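Student: I would like to go through this structure with you and learn how each label on it is justified.

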Amino acid sequence: MPTIERIISMDKRYKSFTPIEQMQKRQQVLDTIAEHPEWEIYQVAKYLRTELRLTLPEMSKITQISPQTLQKIEQPDSNPTLQSILKLLNAFGLDLMVKRS
């Protein structure tokens with residue numbers, strides 16, 4: 001399975017990140033997600049992909065979720081399975097948290 005660091009530089013629309021920039025950007029993205037526990041899963045999925053400059057096929061390779069399913073997950077009216085959510089989050093070292101309101 002390719003690493004996220006190798007895949008990030010694949011999107012030709014952007015200048016490639018150096019390895020240090022890749023690590024810094026990934027940490028920045030994860031920190032931002034941690035600061036926003038109110039975000040719904042579709043917001044997290046879209047933010048991860050766009051901020052890390054990943055195409056749907058690249059994100060698919062990382063998460064082992066089909067590009068079509070990822071595209072659906074990024075929609076506000078999506079209803080992804082728990083398995084898909086966990087695959088998405090775990091690929092980036094994130095966990096699903098349930099808390100009492």
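Tutor: We can take the labels in turn, beginning with the model itself.

Student: How do you know how far to trust the coordinates?
Tutor: This is a predicted model, in which local features need pLDDT of at least 70 and side-chain atom pairs count only at pLDDT 80 or more, while totals for chains, interfaces and linings use all residues. Residues are numbered from 1 along each chain as its sequence is written, and side-chain values use heavy atoms, with hydrogens and water left out. The score pLDDT is the predictor's confidence in each residue, from 0 to 100, and the mean for the protein chain is 88, with 86% of its residues at 70 or more. Among the elements, helix H5 (residues 67–73) has the highest mean, 97, and helix H1 (residues 4–8) the lowest, 50. Where pLDDT is low, predicted coordinates should not be read in detail.

Student: What makes the pattern of the protein chain α-α-α-α-α-α?
Tutor: Helices (H or I, at least four residues) and strands (E, at least two) are DSSP runs, numbered from the N terminus. The protein chain has six helices and zero strands, and read along the sequence these give the pattern α-α-α-α-α-α.

Student: Why is Glu58 called buried or exposed?
Tutor: Buried means under 20% relative accessible area, exposed over 50%, and partly exposed in between, with a 1.4 Å probe and protein chains only. Glu58, which is found in helix H4, has a relative accessible area of 6%, and therefore it is called buried. Across the protein chain, buried residues make up 35% of the 101 residues.

Student: Which residues of helix H3 are buried, and what covers them?
Tutor: The buried residues of helix H3 (residues 41–51) are Val44, Ala45, Tyr47, Leu48 and Arg49, and their cover includes helix H2 (19–34), helix H4 (56–63), H5 and helix H6 (82–91). Arg49 has a relative accessibility of 11%, so it counts as buried. Contact means heavy atoms within 4.5 Å, and, leaving aside neighbours within four places in sequence, Arg49 is in contact with Leu54, Thr55, Leu56, Met59 and Glu74.

Student: What makes Lys25 and Glu51 a salt bridge?
Tutor: A salt bridge is a side-chain nitrogen of Lys or Arg within 4 Å of a carboxyl oxygen of Asp or Glu. The side chains of Lys25 and Glu51 meet at 3.0 Å, N to O, and the pair qualifies. This pair links distant parts of the chain, with Lys25 in helix H2 and Glu51 in helix H3, 26 residues apart. Lys25, at 15% relative accessibility, counts as buried, whereas Glu51, at 26%, counts as partly exposed.

Student: How do you know that Lys46, Arg49 and Glu74 belong to one network?
Tutor: The side chains of Lys46 and Glu74 meet in a salt bridge at 3.7 Å, N to O. Lys46 lies in helix H3 and Glu74 in the loop between H5 and H6, so this pair ties together parts that are 28 residues apart in sequence. The side chains of Glu74 and Arg49 also meet in a salt bridge, at 2.6 Å, N to O. Salt bridges that share partners thus join Lys46, Arg49 and Glu74 into one network. A search of the whole structure finds three salt bridges.

Student: Why is Leu86 called partly exposed?
Tutor: Leu86, whose place is in helix H6, has 31% relative accessibility, and therefore it counts as partly exposed.
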